[in-house]
Amino acid sequence: MKTIVKIKNSFTNAFVLIAFFSVNAIAINAQTEKQNNSLGTLKQINAGLLNVGYAEAGPPTGTAVILLHGWPYDIHSYNEVVPVLVSKGYHVFTPYLRGFGTTTFLARETFRNGQQAALASDLIAFMDALKIDKAVIGGFDWGARTAVVTAALWPERVKGLVSVSGYLVVNLEANLKPLSPTAELGWWYQYYFATERGKLGYSQNTYDFNKLIWKIASPLWNFDKETYDQTAQSFDNPDHAAIVIHNYRWRQSLEAGEPKYDSLEKRLAVRPEIKVPTITIGSDFDGAFADGKAYASKFTGKYAHRILKGIGHNVPQEDPKAFAQAIIDVDGMK
């Protein structure tokens with residue numbers, strides 16, 4: 001009798017546990033689906049050197065918009081931007097950059113390169129793979145740099161440009177010149193990454209390191225753990241640390257880029273003008289450069305600059321309405 005009772009109780013407990021996990025699995029799946037729906041359908045496509053993970057939303061007949069994230073962020077910076085643009089009829093693509101999320105290299109032997117010309121070439125390959133002839137391109141941080149570089153090298157592919165922090169084209173020679181002590185302090189992580197200790201430290205503590213960057217770059221943004229964790233999953237990419245470390249070492253001329261990008265980098269070294277319609281955005285993160293005056297002359301086409309006060313570096317996630325409106329407005333510039 002006791003044995004029967006134990007069996008019955010075990011069966012009951014097992015049933016309860018199965019029911020518990022099933023309910024939670026449904027809740028997790030529902031939450032994931034909801035998160036994915038804000039960005040559209042998650043897809044993969046082979047493009048150039050990569051198998052690119054990206055989200056797609058909006059009518060296929062709409063004007064193409066490509067939104068690019070930075071470091072240490074990912075496509076979820078555009079969770080609230082994409083629905084606004086879709087409601088206006090735009091066809092929106094939000095790709096993971098190399099080293100983030102579900103974007104992976106097609107070949108194991110490909111050099112894990114983070115230089116600016118490589119990322120911009122990735123974008124052109126992505127557009128070619130999806131047969132996107134021309135798009136409005138917007139971004140912040142690495143995404144803004146990639147967008148600006150693309151507009152400089154392939155202006156015929158860019159219908160309009162939105163760049164947070166303005167003209168971010170890297171000039172290796174200029175980067176060798178020291179800044180004021182206060183300005184140098186702001187780039188502490190670049191010097192950390194220049195060391196083997198920094199490379200190991202970033203690889204071992206990516207989650208906490210990037211969370212610290214979020215707080216420093218956006219001190220007034222009270223993001224919660226759920227918001228950060230949604231993006232932090234992207235840092236589990238097997239190439240993430242290698243791409244990040246190379247990006248910053250390359251900027252300081254501590255590591256070389258690839259010869260196949262030399263001709264593109266030579267064109268960028270002369271700081272070319274951007275002739276496509278552009279809106280730049282300055283925020284608290286930019287400090288004295290928030291007014292945009294330091295780089296306004298580099299944009300020689302239709303141009304406007306906007307200043308967002310009380311907003312940090314992750315502009316699309318901190319002020320999605322302002323970022324979405326900039327995309328809409330630059331598309332209307334004639």
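**View 1. Helix α4 is the main contributor to the lining of the second largest cavity.** With three residues, α4 gives the most to this lining (helices are DSSP runs of H or I, at least four residues, and strands are runs of E, at least two, numbered from the N terminus). The model shown here is predicted, so local features need pLDDT of at least 70 and side-chain atom pairs count only at pLDDT 80 or more, while totals for chains, interfaces and linings use all residues. Residues are numbered from 1 along each chain as its sequence is written, and side-chain values use heavy atoms, with hydrogens and water left out. The volume of the second largest cavity is about 30 Å³. Its lining is made up of Gly 114, Gln 115, Gln 116, Leu 119, Trp 142, Arg 145, Thr 146 and Asn 247. Two elements, α3 and α4 (142–153), each supply two or more of these residues. By class, five lining residues are polar, two are nonpolar and one is charged (Ala, Val, Leu, Ile, Met, Phe, Trp, Tyr, Cys and Pro are nonpolar; Asp, Glu, Lys and Arg are charged; the others, Gly among them, are polar). A cavity is a set of points on a 1 Å grid over the protein atoms alone where a 1.4 Å probe fits but cannot get out, and lining residues have an atom within 4 Å of a point.

**View 2. Asn 247 sits in helix α11 and lines the second largest cavity.** Helix α11 covers residues 240–251. Asn 247 has a relative accessible area of 6%, so the residue counts as buried (buried is under 20%, exposed over 50%, and partly exposed in between, with a 1.4 Å probe and protein chains only). Beyond its neighbours within four places in sequence, Asn 247 is in contact with Gly 114 and Trp 142 (contact means heavy atoms within 4.5 Å). Both of these partners also belong to the cavity lining. Look as well for the 2.9 Å polar contact between the side chains of Asn 247 and Arg 251 (a pair of N or O atoms within 3.5 Å; within protein, one must be able to donate a hydrogen and the other to accept it, and sequence-adjacent residues count only if both atoms are side-chain atoms).

**View 3. The largest cavity has a volume of about 110 Å³.** The whole structure holds two cavities of 30 Å³ or more. Volumes are the space filled by probe spheres set on grid points, which are joined across faces, edges and corners. Around the largest cavity you will find Leu 50, Val 52, Leu 68, Pro 95, Tyr 96, Leu 97, Arg 98, Leu 119, Asp 122, Leu 123, Phe 126 and Thr 146. Both β2 (50–57) and α3 (116–129) give two or more residues here, and α3 gives the most, with four. The lining has nine nonpolar, two charged and one polar residue. Leu 119 and Thr 146 appear in this lining and also in that of the second largest cavity.

**View 4. Thr 103 lies in the loop between β4 (91–95) and β5 (104–105).** With 1% relative accessibility, Thr 103 counts as buried. Leaving out residues up to four places away in sequence, Thr 103 touches Leu 50, Asn 51, Val 52, Gly 53, Tyr 96, Leu 97, Arg 98 and Asn 237. Among these partners, Leu 50, Val 52, Tyr 96, Leu 97 and Arg 98 line the largest cavity. The Thr 103 side chain reaches the backbone nitrogen of Gly 53 at 3.0 Å. Thr 103 and Ser 234 are 131 residues apart along the chain, with 9.3 Å between their C-alpha atoms.

**View 5. Asp 128 in helix α3 makes a polar contact with Arg 157.** The two side chains come to 2.9 Å. Asp 128 has 45% relative accessibility and therefore counts as partly exposed. A C-alpha distance of 7.6 Å separates Asp 128 from Ala 47, 81 residues away along the chain.

**View 6. The largest pocket contains about 1700 Å³ of space.** Of its 49 lining residues, Leu 168, Leu 179, Trp 187, Gln 190 and Phe 289 are the closest to the centre. The elements giving two or more residues are α4, α5 (172–175), α6 (181–185), α7 (188–193), α9 (206–217) and α11. The lining divides into 28 nonpolar, twelve polar and nine charged residues. A pocket is an open set of points with protein on both sides within 12 Å along at least five of seven lines.
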